[in-house]
Amino acid sequence: MQRFIEHYQGRMYDVVVIGGGITGASVAYDAASRGLRVALLEKNDFSGATSAATSKLIHGSLRYLANMEFSLVRESLKERKILEDIAPNFVYPVPMLMTHYKSSLKNSKWFIKAGLTLYDILSYDRGKTWDESKKIPLHKTISTKKALEMQPCLKEQGLTGASVFYDCMSIFPERLTLAFIKSAVAFGAEVANYAKVDGFVVDRAGRVAGVNAIDLLNGARHEIRGHITINCGGPWADIILGLAKKGEVSETLRRSEGIHIITGKKINEGSVVATMTPRGRHFFLIPWRRHTLIGTTDKEYVGSPDDYRVTRQSIAELIDEVNATFGSGFVKFEDVLHAYGGLRPLVEEQTEGTYESSRKYEIYDNASDGLQGLITVEGGKYTTSRNLAEKVMDLVREKTEMPMGPTITDRRYLFGCGIRDVPAFIESLRKRYSGFGRDTLEYLGRHYGTEFEQVLHIAEQDGEYAEVVSDDGEILAEAVFAVRHEMARRLSDIVLRRTGIATLGNPGEEIMRKVAAIAARELNWDDRKTEEEYRSTMELLKIPGREG
């Protein structure tokens with residue numbers, strides 16, 4: 001992939017997409033695959049905000065059954081299956097152990113059983129996956145004894161049993177988003193990160209005819225013209241819309257903070273633990289990369305999304321909720337190896353708290369505001385982004401005379417994901433590349449799919465790049481590949497969104513210096529720039545409120 005903005009020559013596009021999270025990536029892919037000329041601009045890095053702040057679950061929105069949002073749950077379950085199909089190396093079924101305690105009616109065995117029975121009914125097509133091994137079974141109820149055998153970490157007092165059902169996990173949401181970006185590029189879309197939209201182009205008829213953008217890496221300004229502009233700014237969507245409304249900000253968008261922590265405190269690998277706090281809110285303990293991922297929170301955020309940071313207070317509040325559920329001292333602040341968070345854009349105002357708010361989305365034709373040529377997308381969730389993009393492009397087809405067919409994104413593998421049987425694919429790598437460790441081959445096979453050979457080729461050409469830098473078997477060649485082929489332009493892009501080198505927390509100075517040196521060679525950084533990137537990334541990896 002190449003940043004098109006560095007060589008932009010004034011091309012006219014059919015669709016200009018603002019935002020490189022999962023929504024913008026999905027819209028760009030759907031539009032390009034229908035034969036349209038597409039440009040996508042992201043002011044930071046792809047999947048750098050909300051799309052990176054997930055629980056790494058692709059789920060059917062079980063808890064929204066309590067709100068009677070049957071259509072949202074059905075849509076989510078359908079899209080869960082589609083993502084299993086089109087991204088088999090990233091998305092796979094995982095058993096969810098939902099605990100039952102005496103403390104709450106909503107957490108009782110019979111209440112949950114009724115909900116899970118309906119969940120099973122709404123996921124009637126769960127067995128029609130391309131890979132038969134990914135078929136999801138019906139839920140079942142298990143005894144207290146069996147629940148404790150599955151997950152000894154559970155608090156036994158008051159436990160009346162558990163339910164086991166299945167949802168799906170996404171092993172690396174940032175790379176899954178990147179797969180949508182790459183799929184768009186494969187169909188001719190032109191994309192650029194670090195390209196900030198700071199205004200709109202308006203023609204003589206008063207129609208939005210594109211955007212004004214600045215290349216944040218070199219300061220160059222560009223006018224990017226397009227017939228339709230689609231605002232997929234996530235938590236920034238109302239702010240972007242305000243650029244067109246001359247400072248007037250939408251009042252429909254609310255923001256909810258969700259944070260996660262990663263600890264070395266391990267739970268059994270066999271299942272995710274889903275449980276309810278004494279205050280009636282769900283959270284998860286998720287086995288991930290031989291660690292435990294804990295989250296999420298749901299608290300209204302007021303202020304500029306540009307100013308958002310995870311705080312010690314937010315971490316402490318999550319730990320308090322976990323300990324209130326599992327027992328005092330279950331997680332301590334010093335156990336936290338990494339913390340990350342983001343803002344969810346919400347479009348609903350009728351509920352008192354953001355936890356009760358729907359994760360539905362809205363597609364606004366801004367022609368109703370006198371802004372012909374502009375569409376704004378607000379709200380939504382990762383799991384349903386592909387279908388959201390399909391609906392956006394169906395609206396574009398209705399509004400314009402641009403020829404386009406129906407979507408094909410639900411029946412094609414994403415770029416690099418064309419693997420019918422992932423375990424067999426991994427085993428074939430181990431037989432063919434015996435010079436690399438088993439963990440390395442499994443990691444590369446799952447995270448790079450059919451592109452794995454390009455990474456291995458870099459390591460084979462230069463032994464320095466074959467060095468293993470994580471317990472999962474990651475190698476330095478991934479950093480080279482990230483710069484050369486995946487548009488990584490900052491050290492943080494490499495270690496947090498293209499590779500998993502720092503997604504479990506600070507890997508240590510030695511490894512970070514090595515990755516920074518690779519980036520410096522590939523991107524022609526001088527010593528000052530290299531040190532600046534190193535220090536800013538290390539600062540990002542600090543646990544808020546912890547010294548050193």
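This passage describes a predicted model of one protein chain, from its overall form down to single residues.

The chain holds 15 helices and 18 strands. Its radius of gyration is 23 Å, close to the 24 Å that the globule rule gives for 548 residues, so the chain is as compact as a globular protein of that length. Along the principal axes, the C-alpha atoms fill a box of roughly 70 × 55 × 50 Å. Of the 548 residues, 61% count as buried. The accessible surface comes to about 22,100 Å². Carbon and sulfur atoms account for 50% of that surface.

Contacts within the chain often span long stretches of sequence. Among those between residues at least 6 apart in sequence, 71% join residues at least 24 apart. Charges were also counted. The chain carries 73 positive and 76 negative charges. The mean positions of these two sets are 4 Å apart.

Strand 16 covers residues 336–346. This strand is mostly covered, with 9 of its 11 residues buried. Its partner here is strand 11, residues 254–263. The two strands run antiparallel and are joined by 10 bridges. Within this pairing, Arg254 stands opposite Leu346 of strand 16.

Strand 7 is made up of residues 190–192 and includes Ala192. Ala192 has a relative accessible area of 0%, so this residue is buried. Ala192 and Ile5 are 187 residues apart along the chain, yet their C-alpha atoms are separated by 6.2 Å. Beyond four places in sequence, Ala192 touches Arg3, Phe4 and Ile5 among others. Its contacts also include Leu40, Leu41, Glu42 and Phe46. Met487 is another residue that Ala192 touches.

Helix 12 spans residues 477–485. Like strand 16, this helix is mostly covered: 7 of its 9 residues are buried. The buried residues are Ala477, Glu478, Ala479, Val480, Phe481, Ala482 and Val483. They pack against five numbered elements: helix 5 (173–186), helix 10 (438–448), helix 11 (452–461), helix 13 and helix 14 (509–523).

The loop between helix 12 and helix 13 (491–498) holds Glu486. The relative accessibility of Glu486 is 0%, so Glu486 counts as buried. Leaving out residues up to four places away in sequence, Glu486 touches Met1, Arg175, Leu178, Lys182, Tyr448, Phe481 and Arg498. Phe481, one of these contacts, is also one of the buried residues of helix 12.

Met487 lies in this loop as well, between helix 12 and helix 13. Just after helix 12, Met487 takes a positive phi of about 65 degrees. Met487 is not a glycine. At 0% relative accessibility, Met487 counts as buried. Ala192 of strand 7 is in contact with Met487.

Two further loops show backbone features of note. Ser61 lies in the loop between strand 3 (57–58) and helix 2 (70–86). Its phi is positive, about 60 degrees, although Ser61 is not a glycine. Ser61 is buried, with a relative accessible area of 0%. In the loop between strand 14 (291–295) and strand 15 (299–300) lies Thr296. A cis peptide bond joins Gly295 to Thr296, with omega of about 5 degrees.

Asp471 gives an exposed counterpart to these buried sites. This residue lies in the loop between helix 11 and helix 12. Its relative accessible area is 61%; exposed means over 50%, so Asp471 counts as exposed. Apart from neighbours within four places in sequence, Asp471 is in contact with Arg290 and Asp439. Asp471 and Tyr361 are 110 residues apart in sequence. In space, their C-alpha atoms are 39 Å apart.

Notes. Residues numbered from 1 in each chain as written. Predicted model: local features only at pLDDT ≥ 70, side-chain atom pairs only at ≥ 80, totals over all residues. Heavy atoms only, no water. Buried < 20%, exposed > 50% of the residue type's maximum accessible area, 1.4 Å probe, protein only. Helix = DSSP H or I, 4+ residues; strand = E, 2+ residues; numbered from the N terminus. Pairing = 2+ DSSP bridges. Contact = heavy atoms within 4.5 Å. Rg over C-alpha atoms; globule rule 2.2 N^0.38 Å. Areas by Shrake-Rupley, 256 points an atom, 1.4 Å probe, with all protein chains shown as cover. Lys, Arg positive; Asp, Glu negative; His and termini not counted. Charge placed at Lys NZ, Arg CZ, Asp CG, Glu CD.
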